[in-house]
Amino acid sequence: MSNPKGQTVPKPPATRRRMSRHGSVLIETEPRQIPWDLVDRLLVPLIGCHAAAIVVSGVFNVLGICQMSAFALFVFFSILTVSAAIGFHSLKSFMNVF
């Protein structure tokens, strides 16, 4: 393809579709679904982690035990909560198999 001045016009990039090959038939795969039950299961505990981190940080600072930031406690509580929830979610889905 060239325009009147003799310059080539670039072709538009080809669009790719997600497909998987099964035998000789091409089957379109569905995009991944968000596990909303897991999101719903984690929303309230993460809000609780935030509240607990603020309270525990304030108590530690008032009592002079240590000066931990609420953010550090929130990260710690969140890691524990998310790992417990995902572990329980995996265990629950594993038990549904049997």
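No disulfide is found in the protein, the count under the applied rule being zero. Among the cysteines of this predicted model, cysteine 49 is buried, with a relative accessible area of 6%, whereas cysteine 66 counts as partly exposed, its relative accessibility being 28%.

The protein contains two helices and two strands, and these elements follow the pattern β-β-α-α when read along the sequence. Of the 98 residues in the protein, 9% are buried, and the accessible surface comes to about 8600 Å², with carbon and sulfur atoms accounting for 67% of that area. Among contacts in the protein with a separation of 6 or more, 40% are made by residues 24 or more positions apart.

Helix H1 comprises residues 36-63, and helix H2 comprises residues 70-97. The UniProt record, an unreviewed entry, places the feature "transmembrane region" at residues 42-63 and 70-91. In the model, residues 42-63 are 100% helix and 0% strand, and the C-alpha atoms at the ends of this span are 31 Å apart. For residues 70-91, the composition is likewise 100% helix and 0% strand, with the end C-alpha atoms lying 31 Å apart.

Contacts that link positions in the two helices are illustrated by two serines. Serine 78, placed in helix H2, touches Leu46 and Cys49 when residues up to four places away in sequence are not counted. With a relative accessibility of 11%, serine 78 falls under the 20% limit and therefore counts as buried; its partner cysteine 49 is also buried, at 6%. Serine 57, for its part, is located in helix H1 and is in contact with Met68, Ser69, Ala70 and Leu73, its neighbours within four places in sequence being left aside. The relative accessible area of serine 57 is 7%, and this residue is therefore classed as buried.

Asparagine 61, which is likewise found in helix H1, touches Cys66, Gln67 and Met68, again without counting residues up to four places away in sequence. Met68 thus appears among the contacts of serine 57 as well as among those of asparagine 61. In terms of exposure, however, asparagine 61 is partly exposed, with a relative accessibility of 39%, and its contact partner cysteine 66 is also partly exposed, at 28%.

Phenylalanine 71 lies in helix H2 and, with a relative accessible area of 61%, exceeds the 50% limit and is therefore exposed. The C-alpha atom of phenylalanine 71 is separated by 8.3 Å from that of histidine 50, a residue 21 positions away along the chain.

A nonpolar patch is also present on the surface, where Val55, Val59, Val62, Leu63 and Ile65 together make an area of about 510 Å². One of these residues, valine 62, is found in helix H1 and counts as exposed, because its relative accessibility of 72% is over the 50% limit. Within helix H1, valine 62 thus contrasts with serine 57, the former being exposed at 72% and the latter buried at 7%.

Definitions and conventions:
Residues are numbered from 1 along each chain as its sequence is written. This is a predicted model: local features need pLDDT of at least 70, side-chain atom pairs count only at pLDDT 80 or more; totals for chains, interfaces and linings use all residues. Side-chain values use heavy atoms; hydrogens and water are left out. Patches are made of residues with over 30% relative accessible area and no salt bridge: like charges are joined within 9 Å, nonpolar side chains (Val, Leu, Ile, Met, Phe, Trp, Tyr) within 5 Å. Accessible areas come from the Shrake-Rupley method with a 1.4 Å probe; for residues, only the protein chains shown count as cover. A salt bridge is a side-chain nitrogen of Lys or Arg within 4 Å of a carboxyl oxygen of Asp or Glu. Helices (H or I, at least four residues) and strands (E, at least two) are DSSP runs, numbered from the N terminus. Buried means under 20% relative accessible area, exposed over 50%, partly exposed in between (1.4 Å probe, protein chains only). UniProt positions are given in the numbering used here, feature names are shortened, and annotations may be inferred rather than shown by experiment. Contact means heavy atoms within 4.5 Å. A disulfide is a pair of cysteine sulfur atoms within 2.5 Å.
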